[in-house]
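Trainee: Hey, could we go through this one together? I'm new to it.
Mentor: Sure, let's pull it up.

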Amino acid sequence: MEFTKWQGCGNDFVLIDGRKQEPDDYASFAVKVCDRHYGVGADGILVVLPSERADFRMRIFNADGSEAEMCGNGIRCFARYLYEYGLTNKTEFPVETGAGILVPRIILTHGQITGVCVDMGEPHLMGEEIPVCGHDGEMVIDQPIDVGGKTYRMTGVSMGNPHCVVFVEDAETFPIGELGTQFEHHEMFPRKTNTEFVEVRDRGHVRMRVWERGAAITLACGTGACATAVASALNRKTDRKIEVELDGGRLLVEWAENNHVFMTGPAEMVFAGRLAD
Ligand SMILES: N[C@@H](CCC[C@H](N)C(=O)O)C(=O)O
């Protein structure tokens, strides 16, 4: 099976064209391929599929084999793959995802691709939409959550997939490896959660580290950066347009007045290869 390997801010993916070749079982395929010792190594796999509602459909599976609704860094890589490999000649096109139809736009500067901007759609903020237990019919802003014998304050945001944003004093030293899994599996999150640990540097700039549902610590999370921008604005900590500094790079995120979130950042191909049977 042929594949290409991609990364966006160090969040890495194996991409396959499911219109040409499909594994018998995506979940076990993802676990095998994402293994960093016995496989290609990645945080997840991206699958190109046909769509009746958009130009293409994207599926994403985490390294543990679970399927996610959406992937922000992934959709930038997905869009660049389609454009670079001549599978579309449009620089802007609709993609069906588990979070609805989203629109990436390839950014060309003097004919060179310098990034991808994605209209990530509207954030969902009601407790039952994220979902967060015990908050039906209300937003989940600055609410207490007990983890590891301590009470933290969290803001819940869905970008199609669930996010729990926790503001911390110092993102660099926060014990994310110790506590991330406890947030992911906390009883408040019936579909588990991605958790962003965010230090506000100023009104236009935050430092964010992430523990991803199904992938543990990654170098970046695009939907997480969008959830962070929304949570930071809701908590009046930043403006609606911010730079999010991640372990693996920077993303520009704007929660626009039309309620859509726009995310801009890099998408780079690492190599192409063929999997052994
Ligand atoms: N890294 C991604 C998100 C991938 C899915 C996530 N782990 C989930 O299960 O929701 C991104 O860039 O958004």
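**The two annotated cysteines**

Mentor: C221 sits in the loop between β14 (216-218) and α4 (222-234); helices (H or I, at least four residues) and strands (E, at least two) are DSSP runs, numbered from the N terminus. This is a predicted model: local features need pLDDT of at least 70, side-chain atom pairs count only at pLDDT 80 or more, and totals for chains, interfaces and linings use all residues. Residues are numbered from 1 along each chain as its sequence is written.

Trainee: Is C221 buried or exposed?
Mentor: Buried, because 35 other C-beta atoms lie within 10 Å. The cut-offs are 20 or more for buried, 12 or fewer for exposed and partly exposed in between, with C-beta atoms placed from the backbone.

Trainee: Which residues does the UniProt "active site" annotation cover?
Mentor: C71 and C221, according to the unreviewed UniProt entry. They're spread over 151 residues of sequence, yet they cluster in space, with a largest C-alpha distance of 7.7 Å. Such annotations may be inferred rather than shown by experiment.

Trainee: And where's C71?
Mentor: In the loop between β5 (67-68) and α2 (72-84). C71 counts as buried because it has 32 C-beta neighbours inside 10 Å.

Trainee: New topic: why does the ligand's shell lie between the domains?
Mentor: Because domain 1 (2-121 + 265-274) and domain 2 (143-259) both give residues to that shell. Those bounds come from an automatic or database domain assignment.

Trainee: Which residues come nearest the ligand?
Mentor: A68, N73, N161, G222 and T223, out of the 20 around the ligand. Being near means a C-beta atom, placed from the backbone, within 6 Å.
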